[in-house]
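Ready for a little structural practice? Work through the exercises below with the model open beside you, then check your steps against the solutions.

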Amino acid sequence: MNDSKALALSPLITPFAFTIYAYFADISGFNMDAGILTFIGYFLGVAFASIPVAYLYMFFIGYRFYRLILKKKKVNFFTLTIGGIFVADIPMLLIWPAAEVTGSTGFYTTFQLFSFCGFMVGLSFWVLLNYDRMRGTEKKLTEQ
């Protein structure tokens, strides 16, 4: 798969990553205590809100980061996943001083949530970039 298709598809993992993290962090509504319909409603709300934001991040910040590491010939698993974390945390780093001054306790959970979503987008981008190579390796292994 080429990089433009991978750039277009990888932000679609964001609502799933958000929901998985929220479930394991026991965030109200995502922990299934209120029922499956509440969970589905929250998931759809997260999907409608996060996918446009993920695409904005990907095309304005993530694409520039990708072109930078492509130019330096450093495209690998680590640069894409750690870069995804960094790209997702840029807005959090901008509001961090205000959160420290106000004593906000939810900032660190939000920071971890954004980091996990960025990691998952970077991971899915790496998998999509290497899909053809991984599929060829799998075919070679099954033919033997």
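**Exercise 1.** In this predicted model, describe how helix 2 passes helix 3 and how the two pack.

*Solution.* Start with the handedness: the crossing of helix 2 over helix 3 is right-handed. Next, take the geometry: helix 2 (residues 14–24) and helix 3 (residues 36–71) have axes 8 Å apart and meet at an angle of about 130°. Helix 2 is therefore oblique to helix 3, since an angle must be over 145 degrees to count as roughly antiparallel.

**Exercise 2.** List the residues that make the contact of helix 2 with helix 3, and sort them by class.

*Solution.* From helix 2, the contact uses Thr14, Pro15, Phe16, Phe18 and Thr19. Helix 3 contributes Phe39, Phe43, Val46, Ala47, Ser50, Ile51 and Ala54. Sorted by class, nine of these residues are nonpolar, three are polar and none is charged.

**Exercise 3.** Find the largest nonpolar core and say which helix supplies the largest share of this core.

*Solution.* The largest core has 10 residues: Ala6, Leu7, Met58, Tyr66, Ile69, Leu80, Val121, Phe125, Leu128 and Leu129. At least two residues come from each of helix 1 (3–9), helix 3 and helix 5 (107–129). Helix 5 gives the largest share, four residues.

**Exercise 4.** Which residues is Leu80 in contact with, leaving aside neighbours within four places in sequence?

*Solution.* Leu80 is in contact with Tyr66, Ile69, Val75, Gly122, Phe125, Trp126 and Leu129. To finish, look for a second, separate core: five residues make it up, among them Ala17, Tyr21, Cys117 and Met120.

Technical notes. Residues are numbered from 1 along each chain as its sequence is written. This is a predicted model: local features need pLDDT of at least 70, side-chain atom pairs count only at pLDDT 80 or more; totals for chains, interfaces and linings use all residues. Side-chain values use heavy atoms; hydrogens and water are left out. Axes are lines fitted to C-alpha atoms, for helices over the stretch in contact, and angles run from 0 to 180 degrees between N-to-C directions. Angles under 35 degrees count as roughly parallel, over 145 as roughly antiparallel, 65 to 115 as roughly perpendicular and the rest as oblique. A crossing is left-handed if the near helix is turned anticlockwise from the far one by less than a right angle, and right-handed if clockwise. Contact means heavy atoms within 4.5 Å. Ala, Val, Leu, Ile, Met, Phe, Trp, Tyr, Cys and Pro count as nonpolar, Asp, Glu, Lys and Arg as charged, and the others, Gly among them, as polar. A nonpolar core is a set of buried Ala, Val, Leu, Ile, Met, Phe, Trp, Tyr and Cys residues joined through side-chain atoms within 4.5 Å. Buried means under 20% relative accessible area, exposed over 50%, partly exposed in between (1.4 Å probe, protein chains only).
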